[in-house]
Amino acid sequence: MQQGTLMRKVKSKSWKKQRFFKLQDDCMTIWYQSKRTGKTESAFSISDVETVREGHQSEVLQSLAEEFPPERCFTIVFYGRRGNLDLIAGSAEEAQCWVEGLRQLIETRSFPLTSALVFRTWIRDWFQKADKDKDGRMNFKEVQRLLKMMNVDMNEDHALRLFQAADKSESGTLEGEEFVLFYKALTQREEVLSLFQEFSEDGKKLTLLELVDFLRQEQLEDEGTEELAMELIDKYEPSETARTRHVLSADGFLMYLCSPEGSIFNPRHQVLWQDMNQPLCHYFISSSHNTYLIEDQIRGHSSIEGYIRALKRGCRCLEVDCWDGPNGEPMVYHGHTFTSKIPFREVVSTLGKDNRVKPSHPIPSLVLQGAGSAGLQQCGVLGDRRSHGGDGLPKVPTSPSTTLQELKHKILLKGKKIGRLEDTLDGPGDEAPDVSDDDNGAEAEEERRKVKVAGTQHGSALQKDKESLAQALSDCVIYCKNVSFRGFQEARSHSRPSEISSLSEAKARKLIRDAGNEFVRHNAWQLTRIYPSGMRTDSSNYSPQEMWNVGCQIVALNFQTAGMEMDLCDGLFSQNSRCGYVLKPPFMRDEETLFNPSDPSSWEGPGPITLTIQVISGQQLPKVANSKDRAIIDPLVRVEIHGVPADQAHQETKYIENNGFNPHWDETLQFQLHVPELALVRFVVEDYDKTSRNDFVGQFTLAFANIKPGYRHIHLLSKDGTSIPPSSLFVHIRITE
């Protein structure tokens, strides 16, 4: 990789250009240049790369499948909205070299930020950004430029003092270890040092017993505390001598606080920690609306990339809208609009590959939401496509008590069905065929029209043939049969746990307002799907929280649109090994529950919980996207509680002028939570602007149940949910009943 490789960069069937790709000496940067001109075309950092896919795993490479074998093809996927980079190597060996090499570099980058390797990598990144003349040294002018880049507004005299203290060679420049010294002086954490000295008798180290005291008194660790203290010393103490003596230095203490063990997110809840032997209706399920769209709802681009991204984000309910296409081939797109189209077979192929991206994933079952209006003949084609991904379809109808664990590795099709689910087991009765319906407006009307037309032609042999083909698709629907919602009493009398209704956000809100408790009871035994209003043509989202408050399981969002709504979704499903399923609290799984999110008198429990958050400081906050190089932010922190109406609240700190590097707030915010089981806590950092709306800087959202008390770091995420290391907040959390 460091010698460089000639590969084809491809953008379409006709656009295939040769480029020379080379990994730089820092092992963090890759640049490529045109073979024809020799001019460097572009460069990217390993830190920008999310993953590498082998073979024909993009639309462009799939279109070239007959021309180039999969062994020579791979795709580099970037974080955020940057487009993928599709490449074709000269040989399978070269492709494998780059795929494996990139994966190793990504893995190295993913080590905890506390490791010496990543610390030095981060320093090197800053050094290279500021070393304009690329001579491997940094003069004071370049240091001043660096401070601006790092969001630091520092007095020139103070900056010069730090520079001179680090310049041990007195050469007027910093290089190598001198720059490391300068960086360490710059990032000195006084608030952490003060905390360290509170528990250290000599102010220089924490003995094993002193560390145990800190873990018990401040971090509220009450089980196996001595073993934990030993573990932390072995893992985070940089000095071998100190490790041997079982003591923790100030550097090791800081490394622990910045580690996953020092995070606000309880590490025990990052693994699969919930009971997965409950019926499907007892879980919140990560769900996507119009998954194929990666832009707006009217003219947006349809792409298999939408499915790949959603799956990698932990989504477990995907939407596939199938419509009649040319040559008897169903197409996936947003019907009655100008969105682009993708062949249904490509979607099935992608799901077949990507549902197994993580072979060891604990619960990789999927619910496929089928909509659209493919004609009966092309419905048959959909049924016949079962051979592409049908191994994952359950072969017999499931009972109401079928658990999520029993559905492991299965794909459930949610859709319309001819006849009753029971007929699949008992054989059809004497009743006229009943075709189930959905509550999706235009699509439902179109389907009703087609069924009516089919009924008038029932006598023709051709129609019978088409019906038998459509039956193949209908037979795939054995758990999530679509039924129209006609009220809670009607559902209780005539519906079954294996059926599901889809409601628009407006209809769901009305039911929440008028019959909150009945809605919660209904969702304790049957699935409900909520979808965005048809007026959201810009692919905006509604708040999923109000739907989760009544136990709706499948709350479909536009995954392509960043914002608070997707932050809440990512926050809820970031637990439980990110498997896409979160167990509802006990009072939402009880069919006789009295719980109503809008009625405090229906809530059981010991009373409200008080959440006290001391916002202490921030570390290396990013600049506002698209801001000018010299614009240093004025950060403030807002903490939002999302939950039942009585718990909805937000408070914010004052803003700190001109300091995005190490702002100190030392402010305490306090919240009362009446139903903590449903609460999500969102930390937002904004750049204060007195003349216009504040600019977004970073955020982190998690369920209240996943919060660890004590002194904790909150590792911030960007607007589209990707990490932005080492940006963080340092807080103290106290939870009292």
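This briefing describes selected loop residues, aromatic pairs and charge-over-ring contacts. The structure is a predicted model. Among its features are 17 aromatic pairs and two non-glycine residues with positive phi, H336 and Q620.

**Loop residues**

- H56 lies in the loop that joins strand 5 (49-54) to helix 1 (59-63).
- With a relative accessible area of 11%, H56 counts as buried, because this is under the 20% limit.
- A polar atom of the H56 side chain is 2.8 Å from the backbone oxygen of F68.

**Positive phi values**

- Most residues other than glycine have a negative phi.
- H336 has a positive phi near 60° and is placed in the loop between strand 12 (331-332) and strand 13 (342-343).
- The relative accessible area of H336 is 58%, so the residue is exposed, the cut-off being over 50%.
- Q620 has a positive phi near 45° and belongs to the loop between strand 21 (609-619) and strand 22 (635-642).
- Q620 is buried, since its relative accessible area is 14%.

**Aromatic pairs**

- The count of aromatic pairs comes to 17.
- One of them, F44 with F78, is edge-to-face, with 5.1 Å between centres and 80° between planes.
- This pair links distant parts of the chain, as F44 is in strand 4 (residues 40-45) and F78 in strand 6 (residues 73-78), 34 residues apart.
- Both F44 and F78 are buried.
- F196, F199, F214 and F253 are linked into a cluster by ring pairs.

**Charges over rings**

- K11 lies over the face of W15, 4.6 Å from the ring centre.
- The charged end of K341 is positioned over the ring of Y333, at 4.5 Å from its centre.

Methods
Residues numbered from 1 in each chain as written. Predicted model: local features only at pLDDT ≥ 70, side-chain atom pairs only at ≥ 80, totals over all residues. Heavy atoms only, no water. Helix = DSSP H or I, 4+ residues; strand = E, 2+ residues; numbered from the N terminus. Buried < 20%, exposed > 50% of the residue type's maximum accessible area, 1.4 Å probe, protein only. Polar contact = N/O pair within 3.5 Å; in protein donor to acceptor, adjacent residues only side chain to side chain. Phe/Tyr/Trp six-rings, centres within 6.5 Å; stacked < 30°, edge-to-face > 60°. Lys NZ or Arg CZ within 6 Å of the ring centre and 35° of its normal.
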